[in-house]
Amino acid sequence: MPAFMKDAGNTKAHSMWREMAIFILLYVISIFVEAMAMVPGLLVYIASRPDAASWFERAGSSDLTGGLWNGSVDMDKYSALLQAQPEWLLIYTLFAEILLIALYVGYCRLIEKRSFSSMGFTRGHILVRYIKGLLWAVVLFGGAYLFCIGTGAVHFEGVSADMIPGYIVLYFVGYMIQGMAEEVICRGYLLVSLSRNHSVWYSVVISSGVFMAMHMSNDHMTFLAFINIFLCGLLFGLIFVERGNIWMVAALHSGWNFLQNNIFGIPVSGMAQGNSVFLTSFTEGRSLISGGAFGVEGGIAVTAVLAVEIYITYRRMEKKGMLVEPEQLENPGQMFTEEAPRQERTEKAPESADEQKEEVEYTSMPLNLDTLNRIETQKREAGIQTKSSGEQITYPRSTVFNADYFREKDEE
């Protein structure tokens with residue numbers, strides 16, 4: 001795995017179920033934190049309305065803060081009020097997600113004792129990496145948009161007469177925060193934490209599933225939208241591992257959302273549409289391609305673009321030497337318990353303190369395929385023979401991440 005993920009491996013790992021339990025607890029806390037962050041903005045919005053007093057009186061309370069706090073406000077009317085929220089409140093919501101970044105980074109630093117680099121916040125060429133991510137967003141979203149235009153699923157309506165340049169700039173900054181927040185949660189925190197005790201592929205897939213589940217409550221959600229969001233998570237995870245930092249994938253995520261909502265005027269994952277540079281209209285009956293009310297992320301145009309880009313990224317990783325076919329090991333079954341390496345080690349008494357240290361390292365490493373291969377290599381170099389029944393275990397013919405590739409990168 002990349003150096004920044006190895007860095008996280010120096011901290012205490014958890015089982016998958018415990019890791020997910022910790023994530024769920026953090027996610028519940030993050031929902032509460034985000035809700036509390038929204039209260040000041042909501043109070044200002046409601047209080048600024050001409051009918052604020054009469055609205056609360058009709059809703060069940062003439063006390064602005066008391067009605068929200070004690071639950072006496074009619075929630076149907078309250079929800080209707082939120083549907084008509086102004087542009088500045090939508091932008092405020094995006095900016096509020098900086099608290100989520102602080103929460104998850106704070107947990108990793110203070111509780112897990114992980115470094116900033118273990119979350120993908122690596123040093124060097126940050127601006128270049130970020131710009132590359134934004135350019136990727138232009139290519140990918142542009143491909144999906146042209147697909148929709150070419151099939152007649154959407155129509156480009158030209159420049160919006162209601163465009164407010166100041167709002168466009170604020171949306172851009174807001175989406176930079178929002179995209180980074182989701183990448184910190186799903187990639188910088190969860191994917192890397194899972195990789196401490198599981199394979200990289202497993203961690204990428206599970207974190208992608210969590211990314212998909214986080215969007216379950218979005219409006220206008222469809223089955224195809226679920227698939228596309230999972231594919232987004234898979235692509236982001238692969239790029240995160242391949243590039244070895246969070247900057248590029250965060251920029252790709254943020255740029256995609258900004259282009260969709262505030263450049264071309266399309267809803268982002270079923271959320272409310274904000275101020276945009278251009279206007280786009282949807283052709284009735286073509287929602288399978290365009291995604292309809294959910295936005296293009298709910299249509300097969302995005303499915304096609306994501307599938308192609310995942311394949312290209314996978315092939316690029318293969319050409320770099322990052323992926324290899326799994327090795328066949330002779331009867332490695334006895335090594336799937338932590339005591340097995342110790343028992344085999346007794347066939348030859350340690351000759352030095354270094355060899356004794358090697359024994360501790362064998363028994364403390366997570367026993368995934370990379371670890372088993374490393375154990376076998378170290379034992380061969382030390383001249384230790386392993387008893388074998390002659391049986392062979394063939395691992396599934398899928399690729400694994402090449403340990404030699406990342407080892408050479410570390411030496412560079």
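**Ser-208 and helix H10**

User: What does the side chain of Ser-208 reach at 3.0 Å?

Analyst: The backbone nitrogen of Leu-234. At 3.0 Å, this pair passes the distance limit for a polar contact (a pair of N or O atoms within 3.5 Å; within protein, one must be able to donate a hydrogen and the other to accept it, and residues adjacent in sequence count only if both atoms are side-chain atoms). The model is predicted, so local features need pLDDT of at least 70, side-chain atom pairs count only at pLDDT 80 or more, and totals for chains, interfaces and linings use all residues. Numbering runs from 1 along each chain as its sequence is written, and side-chain values use heavy atoms, without hydrogens and water.

User: Which residues are in contact with Ser-208, leaving aside its neighbours within four places in sequence?

Analyst: Phe-230, Gly-233 and Leu-234. Contact means heavy atoms within 4.5 Å.

User: Why is Ser-208 called buried?

Analyst: Its relative accessibility is 0%. Buried means under 20% relative accessible area, with a 1.4 Å probe and protein chains only. So Ser-208 counts as buried.

User: Where is Ser-208 placed?

Analyst: In helix H10 (a DSSP run of H or I, at least four residues, numbered from the N terminus).

User: How do you know that the length of H10 agrees with its 14 residues?

Analyst: The expected span is 1.5 Å times one less than the number of residues. For residues 200–213 that gives 20 Å, and the end C-alpha atoms are 20 Å apart, so the two agree.

User: What makes the buried residues of H10 line one face?

Analyst: These residues are Val-200, Ser-203, Val-204, Ser-207, Ser-208, Val-210 and Phe-211. Seen down the axis, they fall within an arc of 160 degrees, so they line one face of the helix. The arc uses directions from the helix axis to the C-beta atoms.

Conventions: Helix = DSSP H or I, 4+ residues; strand = E, 2+ residues; numbered from the N terminus. Buried < 20%, exposed > 50% of the residue type's maximum accessible area, 1.4 Å probe, protein only.
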